[in-house]
Amino acid sequence: MSATAWGLLCPLLFVAGLVALARTVGSLLRLLDRARVARVPARSGERLSVPAGRYDLCIEGRTFSPDFLGVRYALRETGGGEPIAVHRKYLSRTKVSGLGSTRISTGWFELARDSELSLSVEGMSPQAQQRAWIVVQRPVGAGIALRVVLLVLAGSATIGGAVGSVHAWLLS
């Protein structure tokens with residue numbers, strides 16, 4: 001291919017990569033926002049209304065904070081109902097980090113019917129309770145994995161388009 005063709009294709013690839021990056025980031029943020037069912041402060045006695053289904057139980061707090069070290073938490077149906085079995089996640093944990101906060105899925109549970117749940121938290125300092133949250137969300141692991149692949153591809157297209165554009169410009 002001639003330098004002129006590269007000079008046209010590479011800037012188009014760069015722009016397409018930027019557009020794909022912006023759309024994928026937006027899609028990721030929408031996925032995370034739609035997945036959240038309930039979010040309450042990490043204090044005992046908080047109530048969560050959760051419809052029937054399978055959910056991830058997440059902790060959310062400051063990035064690199066030790067707020068959740070040694071903390072025990074549990075869910076039970078309100079009114080002295082049954083405790084909810086929260087199964088630990090080992091292999092498929094998701095972690096979403098921003099500049100100031102991180103959300104980590106720690107377990108999953110399933111509800112056979114719509115329920116109002118009560119949260120019990122032990123071992124957390126009052127300061128940590130002010131800045132930490134418990135989040136119930138729909139499972140998003142596969143959606144996040146797909147968007148990470150798309151981000152890598154869009155980023156590669158953006159970088160390749162930029163490098164190719166500079167190279168084509170230097171050749172002309």
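**Exercise 1. In which helix is Thr158 found?** Once you have placed this residue, work out whether Thr158 is buried or exposed, and list what surrounds its side chain.

*Solution.* Keep in mind as you work that this is a predicted model.

Step 1: Look along the chain for the helix that spans residues 141-171; this is H3, and Thr158 is found there.

Step 2: Check the cover. The relative accessible area of Thr158 is 9%. Buried means under 20%, so Thr158 is buried.

Step 3: Look for neighbours. Leaving out residues up to four places away in sequence, Thr158 touches Phe14, Gly17, Leu18 and Leu21.

Step 4: Look at polar atoms. A polar atom of the Thr158 side chain lies 3.3 Å from the backbone oxygen of Gly17. The backbone nitrogen of Leu18 also lies 3.3 Å from a polar atom of this side chain.

**Exercise 2. Stay in helix H3 and turn to Leu153. Is Leu153 buried or exposed, and which residues make a nonpolar surface patch with Leu153?**

*Solution.*

Step 1: Leu153 has a relative accessible area of 55%. Exposed means over 50%, so Leu153 is exposed.

Step 2: Now find its partners in the patch. Leu146, Val149 and Leu150 join Leu153 in a nonpolar surface patch of about 370 Å².

**Exercise 3. Which strands pair with S10, and how many of the residues of S10 are buried?**

*Solution.*

Step 1: Find S10 at residues 133-137.

Step 2: Take strand S1, residues 36-41, which pairs with S10 in the antiparallel sense over five bridges. For one of the bridges, go to Arg39: its partner in S10 is Val135.

Step 3: Take strand S3, residues 53-62, which is also antiparallel to S10, with five bridges. Here Leu57 stands opposite Val136 of S10.

Step 4: Count the cover. Four of the five residues of S10 are buried, so the strand counts as mostly covered.

**Exercise 4. What is the strand order in the open sheet of four strands, and which strands stand at its edges?**

*Solution.*

Step 1: Read across the sheet: the order is S2-S9-S4-S5, and the pairing is antiparallel.

Step 2: Go to the edges. S2 (47-50) and S5 (83-84) stand there with a single partner strand each, so each has one side without a neighbour in the sheet.

Step 3: Move inward to S4 (residues 72-77) and S9 (residues 115-122), an antiparallel pair with six bridges. To find your place in this pair, look for Tyr73, which stands opposite Val121 in S9.

Step 4: Recall what joins such strands. Strands of a sheet pair through backbone hydrogen bonds, in a parallel or an antiparallel way.

Conventions
Residues numbered from 1 in each chain as written. Predicted model: local features only at pLDDT ≥ 70, side-chain atom pairs only at ≥ 80, totals over all residues. Heavy atoms only, no water. Buried < 20%, exposed > 50% of the residue type's maximum accessible area, 1.4 Å probe, protein only. Helix = DSSP H or I, 4+ residues; strand = E, 2+ residues; numbered from the N terminus. Pairing = 2+ DSSP bridges. Polar contact = N/O pair within 3.5 Å; in protein donor to acceptor, adjacent residues only side chain to side chain. Contact = heavy atoms within 4.5 Å. Patch = residues over 30% accessible without salt bridge, like charges linked within 9 Å, V, L, I, M, F, W, Y side chains within 5 Å. Areas by Shrake-Rupley, 256 points an atom, 1.4 Å probe, with all protein chains shown as cover. Salt bridge = Lys/Arg side-chain N within 4 Å of Asp/Glu carboxyl O.
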